[in-house]
Structures are given as C-alpha cells and as structure tokens.
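Subject: Structure handover

Hi,

Here is the structure we talked about passing on. Please load it and keep it open while you read.

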Amino acid sequence: MTDFAISPEVLRATVAETLGAKAKSVTVALGEVTVVVGAADYLEASLLLRDAPGCRFEQLIDLCGMDYSSYREGEWQGARYGVVSHLMSVSLNQRLRLKVFADSDDFPVVDSLQSVWNAATWFEREAFDLYGIVFEGHDDLRRILTDYGFIGHPFRKDFPVSGHVEMRYDEEQKRVVYQPVSIEPREITPRVIREDNYGGGLH
C-alpha cells in the first residue's frame, strides 16, 4: 500500500470539515477515503477540494460513469446513475474518491468538472457516450468511443450484450452497411458435474 503523508482518518476529517453540509458522507474503507456529494453541490465541492489548504487535489486521475440499477442484485435503493472521480494531491501526497449521483434516472445530468480539472474533458465524453450521463457546462459533449449514429449507451445495464445493430462490408455497395443483429439468443446450458471415476478414470 502507498504511504500517505496524511493518514486516511485525518484526511476524512479534513474533507468533512472543508465540505461541511455539502458532503452527504465521508467514509474510510481499505485505507481509502470516499466522499459523496449531492448533484447541486458537485461543482462547488470540487472547487473546494482543489483549493482548500488541507485538500489541494490538483489532479483528476480518472472519472467514469456508474449504473447502479442491478447493484447487489437489486438491493440498491438510491439513484441509478452516478459519476465517480479519483483525485490526487501531489503536494500533500494523498488521494480521494469523489462520488455524485444524478437526480433523475430518466435524464441523468450533473455539472461538468471541465472548468475545475481540464483532464475531465475526455473522461466526461466517455461517460456520456457509454452511460448517457449529460455533463452540464461541458463545451464539447459528444460521443468518443462508439460509431457515428450509434443508438443507445452500451455500458447501461439494460443495454443488450449483442447490441441492436451489426455492421458488415457490402461487396455490391462497396461500403460498410448496418443491419439488425442476426445473432440468435442462446440458452445457457448448465455445467454438468461428473462423478470422479466417470469413464473409467485416468489411465
């Protein structure tokens, strides 16, 4: 485990004091600190985490979307879509996980962190592309991984594994064409456990 200049418990207390009521929870698990904020406070909380003396998280290491619709086999009772960011303070040698959940499951929207950490630009485009989470204030929010004209968001839990369309090269038209998926759904065959000496055993 990485040695931290500031212990996780001290960081937890610092973050809780810095964010105050903006923090819904600040927890420590496995030596890592996670803070959850509300969508309305997401941008302001991020600025505080970047600039406050005891925090100074100058770098956004990663940002990705989350779909909690089948989390723990349906036990999750909160909002479906969220965003998790991993922050790093180079000057204080500490890390933090920042979570926020969108208020609406039908049209998930959270503020963009592009103005706080420029590295959010492509990460937010990825989360928009794969999860359909809209980042308000992003100056170039468009797909980044899927193809032009792609329908849906493939990392959502209800998106079919086979997708909706497939593409192939059409020799007559001399171009790539799209058509409905032709894969037939398969039944999952249960694994058969055989007896130890089935077939006479090893020779």
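Below is what was found, from the sheet outwards. Note that this is a predicted model.

**The sheet**

Five strands make up an open sheet with mixed pairing. Their order is 1-2-5-4-3. Strand 1 (23-29) and strand 3 (59-67) are at the edges. Each has a single partner strand, so one side of each has no neighbour in the sheet. From one strand to the next, the twist averages 20°.

Look at strand 1 and strand 2 (residues 32-37) in detail. They run antiparallel, joined by six bridges. One pairing to pick out is Ser25, whose bridge partner in strand 2 is Val36.

**Helices on the sheet**

Helix 2 lies across four strands: strand 2, strand 3, strand 4 (81-89) and strand 5 (94-101). Its direction is at about 175° to strand 5. Helix 3 (residues 120-131) lies across strand 3 and strand 4. Helix 3 runs at about 10° to strand 3.

**Helix 1 against helix 2**

Helix 1 (residues 8-19) packs with helix 2 (residues 42-51). The angle is about 130°, and the axes are 10 Å apart. That angle makes helix 1 oblique to helix 2. The crossing of helix 1 and helix 2 is right-handed.

Which residues make the contact? Helix 1 brings Val15, Thr18 and Leu19. Helix 2 brings Ala45, Leu48 and Leu49. By type, the residues of this contact are five nonpolar, one polar and no charged.

**Arg80**

One residue deserves a separate look. Arg80 sits in the loop between strand 3 and strand 4. Is Arg80 buried or exposed? Its relative accessibility is 17%, so Arg80 counts as buried, the cut-off being under 20%.

What is Arg80 in contact with, leaving aside neighbours within four places in sequence? The contacts are Met66, Asp67, Tyr68, Ser69, Asp105, Arg156, Lys157 and Asp158. Of these, Met66 and Asp67 fall within strand 3 (59-67). Pro108 can be placed relative to Arg80 as well. Arg80 and Pro108 are 28 residues apart in sequence, and their C-alpha atoms are 8.8 Å apart in space.

I suggest viewing the sheet first, then the two helices, then Arg80.

Best wishes

How values were computed. Residues numbered from 1 in each chain as written. Predicted model: local features only at pLDDT ≥ 70, side-chain atom pairs only at ≥ 80, totals over all residues. Heavy atoms only, no water. Axes fitted to C-alpha atoms, helices over the stretch in contact; angles between N-to-C directions. Helix = DSSP H or I, 4+ residues; strand = E, 2+ residues; numbered from the N terminus. Parallel < 35°, antiparallel > 145°, perpendicular 65-115°, else oblique. Left-handed = near helix turned anticlockwise from the far one by under 90°. Contact = heavy atoms within 4.5 Å. Nonpolar A, V, L, I, M, F, W, Y, C, P; charged D, E, K, R; others polar. Pairing = 2+ DSSP bridges. Buried < 20%, exposed > 50% of the residue type's maximum accessible area, 1.4 Å probe, protein only.
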